[in-house]
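Please look over the sequence and the three-dimensional structure shown here. The report that follows begins with single places in the backbone and then widens to the whole chain.

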Amino acid sequence: MDIFRIEGPVLLAGSVSIKGSKNASLPIMAAAILAGGESSVFGAPDLSDISVFSELLEQLGCRVTKSPDGRLRIDSTVVDNPVGEYEVVRRMRASICILGPLLARCGRAEVSMPGGCAIGDRPIDIHLRGLRELSAKIHLENGYIVAETQGGLAGAEIFLGGPFGSTVLGTANVLMAATLAKGRTTIECAACEPEITDLANCLNKMGAKINGIGSPRLVIDGVRRLQPVEYEVIPDRIEAGTFMVAAAITRSQIRLQNCRLTNMMAVVDKLRRIGVTVEPEDGGCVVAGTERIRPADVTTQPYPGFPTDLQAQFMAMLALADGNSIIVEKIFPDRFMHVAELNRMAANLRKEGPAVIIAGVKKLIAAPVMASDLRASAALVLAGLAAEGTTIVNRIYHIDRGYERIEERLAPLGAKITRESM
Ligand code: EPZ
């Protein structure tokens, strides 16, 4: 199993180009199921999650190939096995977003129920509720969701809100299914994440009729069929945010290329409030850390609020702020596996229910730490860049799920980070 060895503290400099969005690529790959034929996705990052999703699509009958230029070709002419097997789904929860497209394309789908997750309870009741509103018959059998339609799906008025507000993949599932349903569907309390906007734009390019894109009310007029598409995914705003925090936590200045600040306004606003400068420039920005990181209050919310996927990274940074901060996690109230690990690096964090109180310290001290999930592992790498001494990050397979060879992107910026097999 690989580990990262990180020498700190370091000063970073130079530029990094942001990769395509993982969380836009996955539902867009699922959308290829809707149109028989060959679709191409450009810019999908080279990540284990993308490979697992390709494997899943192959299981359904699709053919997935990747060309040297990173183009993902998904041939969905044949989808003769609408079954998402446990062995694949258990490795990646996002597999659930094949349910809607399979139902719409094949009239039947069997998808393994996703299991537990390190970041907390993640039910899919809203996905199923939305698909039932589109007249799907759904039951659970041996751990599999079995969904069927008689004579195709039918449009409906659907409120898709839940206890934590909108659901991203729930919106993706119902939106994709509604594109081929008879009549009109209105989704109220739809997720407005840029990844959903990207999916909806891709579906419209395939011939769907979706209005209200980017708003909490999506109106979809069903069509008889969709066409294969060639589509380029948006840059990854969470990866961009992670590199911005790398600059802030090391008090460095770096340039980010290929990042869209318009998709990250809550993040940029928070960085500026703590003293970091973020200067837009063509297709990117220059981020400069500050000697004195000001404390801040951060509450995670559905987009356009502050993203939960940057909560851990900001916690690592605010651990070094000049004063007390508080982070409230309103999307995944138990998403705090990184707290104990950061405290091992001499941070002063105290968990209180869905919040963490952060008493800023002068410095972090290196230690061996354990990654538990994708974003927590990114936070530990960032802490290692700023900490005094040698940090060992274990179980880095978590980080490979969402960041393409991050050590090869950080090292040219001056980070002393190596991957070692244990
Ligand atoms: C997506 O997950 C992202 N994953 C997550 O990113 C991200 O953290 C999350 O959205 C929130 O922004 C992908 O896009 C692949 P939700 P998703 O449904 O869609 C509750 C990363 O690090 N809920 O929006 O699964 C749920 O428990 C990953 O890249 C229900 O109660 O998240 C949560 O509390 C981690 N019932 C809240 O809603 C449901 O049926 C939001 O979850 C669905 C969700």
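Cysteine 189 sits in the loop that runs between strand 11 (184-188) and helix 7 (194-205), in a model that is predicted. Although cysteine 189 is not a glycine, its phi is positive, at about 60°. Most residues other than glycine have a negative phi, and most peptide bonds are trans. With a relative accessible area of 18%, cysteine 189 counts as buried, because the limit for that word is under 20%.

Alanine 346 also has a positive phi, about 70°, without being a glycine, and this residue belongs to the loop between helix 11 (337-344) and strand 20 (349-352). Its relative accessibility is 33%, so alanine 346 is classed as partly exposed, a class that lies between 20% and 50%. A further positive phi, near 80°, is found at serine 135, which follows helix 5.

The backbone also holds cis peptide bonds, and one of them joins glycine 8 to proline 9 with an omega of about -5°. Proline 9 lies in the loop between strand 1 (2-8) and strand 2 (13-17). Another cis bond leads from tyrosine 303 to proline 304, where omega is near 10°, and proline 304 is placed in the loop between strand 18 (297-299) and helix 10 (311-318). The table collects these backbone angles.

| Place | Angle | Value |
|---|---|---|
| Cysteine 189 | phi | about 60° |
| Alanine 346 | phi | about 70° |
| Serine 135 | phi | near 80° |
| Glycine 8 to proline 9 | omega | about -5° |
| Tyrosine 303 to proline 304 | omega | near 10° |

How many of the residues of helix 10 are buried? The count is 8 of the 8 residues, so helix 10 is largely enclosed by the rest of the structure. These residues are Gln311, Ala312, Gln313, Phe314, Met315, Ala316, Met317 and Leu318. Phenylalanine 314 has a relative accessibility of 1%, which means that this residue counts as buried. A search of the whole structure for aromatic pairs finds 1. That pair is formed by phenylalanine 306 and phenylalanine 314, with 4.8 Å from centre to centre and 80° between the planes, an arrangement described as edge-to-face. Phenylalanine 306 is likewise a buried residue, and its relative accessible area is 4%.

Helix 5 (residues 125-133) offers another view of burial, since its buried residues are Ile126, His127, Leu128, Gly130 and Leu131. Which elements cover these buried residues of helix 5? The cover includes helix 4 (99-106) and helix 6 (168-178), together with strand 8 (137-141), strand 9 (144-148) and strand 10 (157-159).

Two further residues show how parts of the chain that are separated in sequence can meet in space. Valine 219 is part of strand 13 (residues 217-221) and is buried, with a relative accessible area of 18%. Along the chain, valine 219 and threonine 185 are 34 residues apart, yet their C-alpha atoms are separated by 5.8 Å. When neighbours within four places in sequence are left aside, valine 219 is in contact with Arg184, Thr185 and Thr186, and also with Lys209, Ile210 and Asn211.

Alanine 415, in the loop between helix 14 (406-410) and strand 24 (416-421), is buried with a relative accessible area of 8%. Its C-alpha atom is separated by 7.8 Å from that of isoleucine 6, although these two residues are 409 residues apart along the chain. Leaving aside neighbours within four places in sequence, alanine 415 is in contact with Val10, Leu12, Leu385 and Leu410.

The whole chain can now be considered. The protein chain contains 14 helices and 24 strands, and its C-alpha atoms fill a box of roughly 65 × 45 × 45 Å along the principal axes. A compact globule of 422 residues would have a radius of gyration near 22 Å, and the 21 Å of the protein chain agrees with this. Of the 422 residues, 58% are buried. Among contacts between residues at least 6 apart in sequence, 74% join residues at least 24 apart.

As for the surface, the accessible area of the protein chain is about 16,200 Å², and carbon and sulfur atoms account for 50% of this. The protein chain carries 46 positive and 47 negative side chains, and the centres of these two sets lie 2 Å apart.

How values were computed: Residues are numbered from 1 along each chain as its sequence is written. Side-chain values use heavy atoms; hydrogens and water are left out. Helices (H or I, at least four residues) and strands (E, at least two) are DSSP runs, numbered from the N terminus. The radius of gyration is taken over C-alpha atoms; the globule rule is 2.2 Å times the number of residues to the power 0.38. Buried means under 20% relative accessible area, exposed over 50%, partly exposed in between (1.4 Å probe, protein chains only). Contact means heavy atoms within 4.5 Å. Accessible areas come from the Shrake-Rupley method with a 1.4 Å probe; for residues, only the protein chains shown count as cover. Lys and Arg count as positive and Asp and Glu as negative; His and the chain ends are not counted. The place of a charge is taken as NZ of Lys, CZ of Arg, CG of Asp or CD of Glu. Rings of Phe, Tyr and Trp (its six-membered ring) pair if their centres lie within 6.5 Å; planes under 30 degrees apart count as stacked, over 60 as edge-to-face and the rest as tilted.
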